[in-house]
Amino acid sequence: MQKQKVILVTGGNRGLGLETCRQLAAMGHRVLLGGRDLEAATEAAQALAADMVEGVRLDVTSPSDIDALVRHIDQKYGRLDALVNNAGIMIDGDLGHSTSIRVADIDAVERTLRVNTLGPMMLINAMLPLMERVDDARIVNISSGMGQLSDMGGNYPGYRLSKTALNAMTRIYAAELDPARFRVNAVCPGWVRTDMGGSNAELSPEEGVDTAIWLATSDDATRSGGFFRKRKPIDW
Ligand SMILES: NC(=O)c1ccc[n+]([C@@H]2O[C@H](COP(=O)([O-])OP(=O)(O)OC[C@H]3O[C@@H](n4cnc5c(N)ncnc54)[C@H](OP(=O)(O)O)[C@@H]3O)[C@@H](O)[C@H]2O)c1
């Protein structure tokens, strides 16, 4: 039986985040389900498993939400074993605009970087003191094949840039943090049926979260500083 972990999942109220919380709770872990709306996060948590999952307010772009959550986790649990940076947006081309970089909406690009990249960076930095209290802490950044430099295509500049930068960030943290105590990895979940992925996507949410859960919890020798899909390393 694996030791119970305290795990924070951002954007836990729907899509891949919600499924991640569901599976982690079913494995016996204590899950903090982060949501921008506390009521929605609490409702989602209670519907999953009120004794294992706790809804918490967390807009990843909000320093005050992050500070309050650090204090809450410190007081209630005294540590954080794993952080799953799942929250993300893809708003290039919203309102029917083209998604070409040539007509990129710079405000949308900036907003995307704030949510998908800078939010995770602020959150990791804030949570590090709580994660330094455990022996084998995990940081899992939910990235995307759309951020792969080795397979870069056109369109969706904000989203692509944010995920390429998230990948770079993964490598930077892996370089700075002791790999014997921290494993920091990025994941491409594949194309998954959620609000973001749409109904034609290949994978169910159950399939889409498998690699992230493995990286967050497994005792298998997952290295630090990798990019994974279907539990296998992929090119950056
Ligand atoms: N679905 C796919 O095919 C696919 C493929 C590759 C990568 N991904 C990545 O997987 C992750 C989850 O995607 P998904 O498909 O589950 O998307 P989704 O269904 O659109 O859900 C996105 C989640 O992020 C939350 N969120 C957005 N902005 C936030 C903020 N500022 N602070 C906190 N939470 C925020 C949303 O909360 P609200 O309900 O409050 O908006 C929601 O819970 C994303 O990082 C995405 O880029 C998805």
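User: Which residues come nearest to the ligand in this structure?

Analyst: In this predicted model, 27 residues surround the ligand, and those that come nearest are Asn13, Arg14, Arg36, Tyr159 and Thr194.

User: How should I read the polar contacts to the ligand, and what lies 2.5 Å from one of its oxygen atoms?

Analyst: A polar contact is read from a pair of N or O atoms within 3.5 Å. Here, a polar atom in the side chain of Tyr159 is 2.5 Å from an oxygen atom of the ligand. The side chain of Asp59 also takes part: one of its N or O atoms is 3.0 Å from a nitrogen atom of the ligand. The backbone contributes through Val192, where a polar atom lies 2.8 Å from a ligand oxygen atom. As for cover, the ligand on its own has 910 Å² of accessible area, and the protein covers 93% of this.

User: Where is Val192 found, and is it buried or exposed?

Analyst: Val192 is found in the loop between strand 6 (182-187) and helix 6 (205-208). Its relative accessibility is 3%, so Val192 counts as buried. A further point concerns the path of the chain: Val192 and Leu203 are 11 residues apart in sequence, yet their C-alpha atoms are 4.6 Å apart in space.

User: Turning to the sheet, in what order do the strands lie?

Analyst: The order of a sheet is read across it, from one neighbouring strand to the next. The open sheet of this model has 8 strands in the order 3-2-1-4-5-6-7-8, and its pairing is mixed. Strand 3 and strand 8 (232-233) are the edge strands, each of which pairs on one side only.

User: How does strand 1 pair with strand 2, and over how many bridges?

Analyst: Strand 1 (residues 6-9) and strand 2 (residues 30-35) pair in the parallel sense over 4 bridges. One bridge can be located at Val9, whose partner in strand 2 is Leu33. The connection is a β-α-β unit made of strand 1, helix 1 (residues 15-26) and strand 2, and this unit is right-handed.

User: What does strand 1 do with strand 4?

Analyst: Those two strands also pair in the parallel sense, over 3 bridges. Within this pairing, Ile7 has Ala82 of strand 4 as its bridge partner, and Leu8 stands opposite Leu83.

User: And which residues of strand 4 stand opposite residues of strand 5?

Analyst: Strand 4 pairs with strand 5 (residues 137-142) in the parallel sense over 4 bridges. Ala82 stands opposite Arg138, and Asn85 stands opposite Asn141. Ala82 thus appears in both pairings, as the bridge partner of Ile7 in strand 1 and opposite Arg138 in strand 5.

User: Through which helix does the chain cross from strand 4 to strand 5?

Analyst: The chain passes through helix 4 (residues 106-131), and the resulting β-α-β crossover is right-handed.

User: How does one read the two faces of a strand, and which residues of strand 4 point which way?

Analyst: One asks which side chains point to each side and whether they are buried, that is, under 20% relative accessible area. In strand 4 (residues 82-85), Ala82 and Val84 point one way, Leu83 and Asn85 point the other way, and all are buried. Strand 1 is likewise covered on both faces: Val6 and Leu8 on one side, and Ile7 and Val9 on the other, are all buried.

User: Where is Glu54 placed, and which side chain does it contact?

Analyst: Glu54 belongs to strand 3 (residues 53-57). With a relative accessible area of 15%, Glu54 falls under the 20% cut-off and is therefore buried. Its side chain is joined to that of His72 by a polar contact of 2.7 Å.

User: How many disulfides does the structure hold?

Analyst: Sulfur atoms must lie within 2.5 Å of each other to count as a disulfide, and the structure holds 0 disulfides. Cys21 is in none, and the nearest cysteine sulfur to it, that of Cys188, is 20 Å away. Cys188 is likewise in no disulfide, its nearest cysteine sulfur being that of Cys21.

User: Are Cys21 and Cys188 buried or exposed?

Analyst: Cys21 has 0% relative accessibility and so counts as buried. Cys188, at 5%, counts as buried too.

Definitions and conventions: Residues are numbered from 1 along each chain as its sequence is written. This is a predicted model: local features need pLDDT of at least 70, side-chain atom pairs count only at pLDDT 80 or more; totals for chains, interfaces and linings use all residues. Side-chain values use heavy atoms; hydrogens and water are left out. Buried means under 20% relative accessible area, exposed over 50%, partly exposed in between (1.4 Å probe, protein chains only). Two strands pair if DSSP finds at least two bridges between them. A crossover is right-handed if, with the strands pointing away from the viewer, the path from the first strand over the helix to the second runs clockwise. A residue is near a molecule or strand if one of its heavy atoms lies within 4 Å of it. A polar contact is a pair of N or O atoms within 3.5 Å; within protein, one must be able to donate a hydrogen and the other to accept it, and residues adjacent in sequence count only if both atoms are side-chain atoms. Accessible areas come from the Shrake-Rupley method with a 1.4 Å probe; for residues, only the protein chains shown count as cover.
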